[in-house]
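Student: I would like a close look at a single part of this chain, the sheet. Please set out how its strands are arranged and what packs against them.

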Amino acid sequence: MRKARSAFQYFPDAASTRTLCHSAFGGPWPGMTSDELDEARKLLFEYAEFCSVEILAFSLRPRSFDLLLEVSSGLKLSKKEMLSRMESNFGPLYMDSVRQKLKSNDPEAWASLSRNFGSISNFLKRFKQVLAGNYHRARQTSGTLWESRYDLAYVEAGHASRVVAAWMDHGCARETAGISPEDSPHCTIGAAISRNKSAQEMIRNMVPGGSHAAWPELRKAWRNFISDGPEQPKSRISNLNRTPPLTRAELMLHPVPHFTAGLAVGSHDFIQRLFVHNRDFFSDGRGSGARFITGQNDPDLFTLRDKGDLRKPPRSNRSRHSS
């Protein structure tokens, strides 16, 4: 790519932007405790509400997290609402300095204040800073906790979002053998089973036709979605060591770098439109954008960056994306 991926743009006329955000600890830091993860989940929802960022699915783990987020385009809050939110989250000394800047008639002052809201970047910055501060205070340590800012990929609404959300839920199972997502209160399905209303609403919005279904029906539908994947079209079957492609259930337990480092996840048409919109960010020799996620059996999962066949051993030098 010719330019920094941080400048990669979503469709300018879209009503909202949906993204998968991934971040992880760097170095040998021990993981967060269960109590710290409980606090992290609480902070996650508090900061999302403050920043006007909608959480569609989440997965918090001792040393990493994945979030499926959506932000409305053109979000505009009144000056009164912005100040009210700031006052409820910051101390009087800080707010005094903010008010002084606003009274100075600096045209940039209100613009700077408004950038706190409707921004995934600012939301994650605040969230991660608080997590790092709490982590170090509890252990009386210091240093850089996070490996990088975060990995970001645009996700198409509908089928791709459901697959990504289910895969996120299984992060605890991928990192710790024998752990079921339904037993973890720090991911969407586990929190929903623990009767967290916000998490149950997330599942409801993900399951097709789930708007009026009772919770037991939603839980069953979500399980069925994970276990019942499509049959592989013959055109997608590879002869790689004659190994069959991963089923959806197997995909849930497999690392998929295409999701976190593939720039975008969705159908062929969705990825192709993103490619055309950002054509200048790719080399002249590239003729098309959509890359099938090879090694799995869902014919509707494509990405912009080919991260290899999932049946091969993972690459040791995976390039990272800080956005």
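Tutor: What follows describes the sheet, then the helices that lie across it, then the core and a few buried residues.

The model is a predicted one. Its chain holds 13 helices and 7 strands. The radius of gyration is 21 Å, close to the 20 Å that the globule rule gives for 323 residues, so the chain is as compact as a globular protein of that length. Along the principal axes, the C-alpha atoms fill a box of roughly 70 × 50 × 45 Å.

The sheet is open and is formed by 7 strands in the order 2-3-1-4-5-7-6, with mixed pairing. Strand 2 and strand 6 (291-292) are the edge strands, each pairing on one side only. In general, strands of a sheet pair through backbone hydrogen bonds, either parallel or antiparallel.

Start at the strand 2 edge. Strand 2 (residues 54-61) pairs with strand 3 in the antiparallel sense over 7 bridges, and a hairpin of 2 residues joins the two strands. Within this pairing, Leu 60 stands opposite Phe 65 of strand 3. On to the next pair: strand 1 (residues 16-24) and strand 3 run antiparallel and are joined by 9 bridges, with Leu 20 having Leu 68 of strand 3 as its bridge partner. Strand 3 (residues 64-72) is mostly covered, as 8 of its 9 residues are buried.

Further along the order, strand 4 (residues 151-155) and strand 5 (residues 264-266) run parallel and are joined by 2 bridges. Here Tyr 154 has Ala 264 in strand 5 as its bridge partner.

Now the helices. Helix 6 lies across strand 1, strand 2, strand 3, strand 4 and strand 5, and runs at about 25° to strand 2. Helix 13 (residues 268-277) lies across strand 4, strand 5 and strand 7 (302-303), at about 150° to strand 5.

Helix 6 (residues 159-169) includes Asp 169. Is this residue buried or exposed? Asp 169 counts as buried because its relative accessibility is 1%, which is under the 20% limit. Beyond its neighbours within four places in sequence, Asp 169 is in contact with Phe 58, Ser 59, Pro 181, Cys 187, Thr 188, Ile 189 and Trp 222.

Trp 222 leads to the nonpolar core. The largest such core has 93 residues, and those touching the most other members are Phe 123, Trp 222 and Phe 259. Helix 1 (residues 34-51) gives the most to this core, with 8 residues. Nonpolar side chains in soluble globular proteins tend to be buried together. Outside the four places on either side in sequence, the contacts of Phe 123 are Leu 44, Tyr 47, Ala 48, Cys 51, Val 53, Leu 67 and Leu 69.

Another covered residue is His 258, found in helix 12 (residues 257-261). His 258 has a relative accessible area of 0% and is therefore buried. With neighbours within four places in sequence left aside, the contacts of His 258 are Val 265, Ile 293, Thr 303, Arg 305, Asp 306, Lys 307, Gly 308 and Leu 310.

For the chain as a whole, buried residues make up 48% of the 323. Of the contacts between residues at least 6 apart in sequence, 70% join residues at least 24 apart.

How values were computed:
Residues are numbered from 1 along each chain as its sequence is written. This is a predicted model: local features need pLDDT of at least 70, side-chain atom pairs count only at pLDDT 80 or more; totals for chains, interfaces and linings use all residues. Side-chain values use heavy atoms; hydrogens and water are left out. A nonpolar core is a set of buried Ala, Val, Leu, Ile, Met, Phe, Trp, Tyr and Cys residues joined through side-chain atoms within 4.5 Å. Buried means under 20% relative accessible area, exposed over 50%, partly exposed in between (1.4 Å probe, protein chains only). Helices (H or I, at least four residues) and strands (E, at least two) are DSSP runs, numbered from the N terminus. Contact means heavy atoms within 4.5 Å. Two strands pair if DSSP finds at least two bridges between them. The radius of gyration is taken over C-alpha atoms; the globule rule is 2.2 Å times the number of residues to the power 0.38. Axes are lines fitted to C-alpha atoms, for helices over the stretch in contact, and angles run from 0 to 180 degrees between N-to-C directions.
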